[in-house]
Amino acid sequence: MPEGHTIHRLAARHRALFAGQVVRVSSPQGRFAAGAALLDGRALVDAEAYGKHLLHHFDDESTMHIHLGLYGKFADGDLPAPAPVGQVRLAMSGARHWLELRGPTACEVLDPVQVAALRARLGQDPLRDDAEPRLAYARVVASGKPVFALLLDQTVVAGCGLIYANEVLFRAGLAPTTPGRDVSVQCWAELWDDLRALMKEGVVRGRIDTVHTAHTPEAMRRAPRVDRHGGEVYVYRRTGQPCLVCGTAVTRGPMAGRNLYWCPVCQPSE
Ligand SMILES: [Zn+2]
C-alpha cells in the first residue's frame, strides 16, 4: 500500500495539473457515476493529502475523497485523453491534462461535515505543517500496545506505513515491542522528527531511502539493494541478511497483522 509520501506527491501533482480549472469528471466504469455527476463542470480549488487520504476540493465546498488502498492507481498525461480501457473508476480532464484512477478502496464525494469527521478520526500526519506531535504522543503513552503497532495505527500517526514504521524504529535503536506507555517524551520527539525528515525526503525522491551516509552502497562498497518495495533500507524485507550496522541477521516476525523486521542486537528488548 502506498505510504503517505506517495499521497502527498499525488496531491502536489494534481494541484499543479488542475487547481483553478473547471474540470470534466466522469466514471467510465460507472461505480462513481453519481459522484462524478456532482463534480462535473465545477472548478477544482485545491488538492491536499492527509495521511493516506487524498482530498480534491471543489468550488461548491464538496470534496472528492480518495483512498488508494492496495490496488488503487492513478495515471495522467497531456490532452487528448486516451479512450478508457478496463475499470476506470474516475476520469478527469482540465484545460491541458487528463487523469484516470483505477481500483481505489474509496472514491466518493464528501460535504464539509464529512470531511471534518474524516480528519477527526485520523491521527497526526508528519508531512503536514499543521501536525501536532504532542497529540500523537498522548495516544502513544496512553497505550500498552507495541510502538510498532502504534506507528501503523492511522488514528495515531496518519501516513506512516510499513516501511517507515520498521525503519524509523531501527534508526532509533528501539525494540518494536516497546509498549507505548514506556516511550518517553524525548524518545517520541526524536522518532517523530526522524519520521518527518525521512518522509519529506520520500516526497522529494519518490522512493524510500532510510540509510545514513555511512551505510549507502557507495560508502560500504556493496551492491545496491534491488527490491520493488523501495530503496536503501536497514531492515525492511531484509530477513536473514546481515544488519548494515552490526552484521547480525535481520529478523522477521508477525506483529499486529503486519510484517515486522528488526535487528535483535541494534534494537534490544529490555
Ligand atoms: Zn544490527
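Select Cys263 to begin: cysteine 263 is buried, with a relative accessible area of 0% (buried means under 20% relative accessible area, with a 1.4 Å probe and protein chains only). The model is predicted, local features need pLDDT of at least 70, side-chain atom pairs count only at pLDDT 80 or more, and totals for chains, interfaces and linings use all residues. Residues are numbered from 1 along each chain as its sequence is written, and side-chain values use heavy atoms, with hydrogens and water left out.

Next, show the zinc ion. Its coordination comes from the SG atoms of Cys243, Cys246, Cys263 and Cys266, at 2.2 to 2.4 Å (donors are N, O and S atoms within 2.8 Å of the metal, or 3.2 Å for Na, K and Ca; water is not among the atoms, so sites may look incomplete). The arrangement is tetrahedral because the four donor atoms subtend angles of 99 to 114° around the zinc ion (for four donors, all angles must lie between 85 and 135 degrees). Along the sequence, the donor residues follow the spacing C-x2-C-x16-C-x2-C.

Now select Cys243. Cysteine 243 counts as buried, at 5% relative accessibility.

Finally, move to the largest pocket, which holds about 710 Å³ of space (a pocket is an open set of points on a 1 Å grid over the protein atoms alone, where a 1.4 Å probe fits, with protein on both sides within 12 Å along at least five of seven lines; lining residues have an atom within 4 Å of a point; a volume is the space filled by probe spheres set on the points, which are joined across faces, edges and corners). Select Met1, Pro2, Glu3, His5 and Thr6, which lie nearest its centre among 25 lining residues.

Key: Four donors count as tetrahedral if all angles lie between 85 and 135 degrees; four count as square planar and six as octahedral if opposite donors are over 155 degrees apart and all others between 65 and 115; anything else is irregular. Buried means under 20% relative accessible area, exposed over 50%, partly exposed in between (1.4 Å probe, protein chains only).
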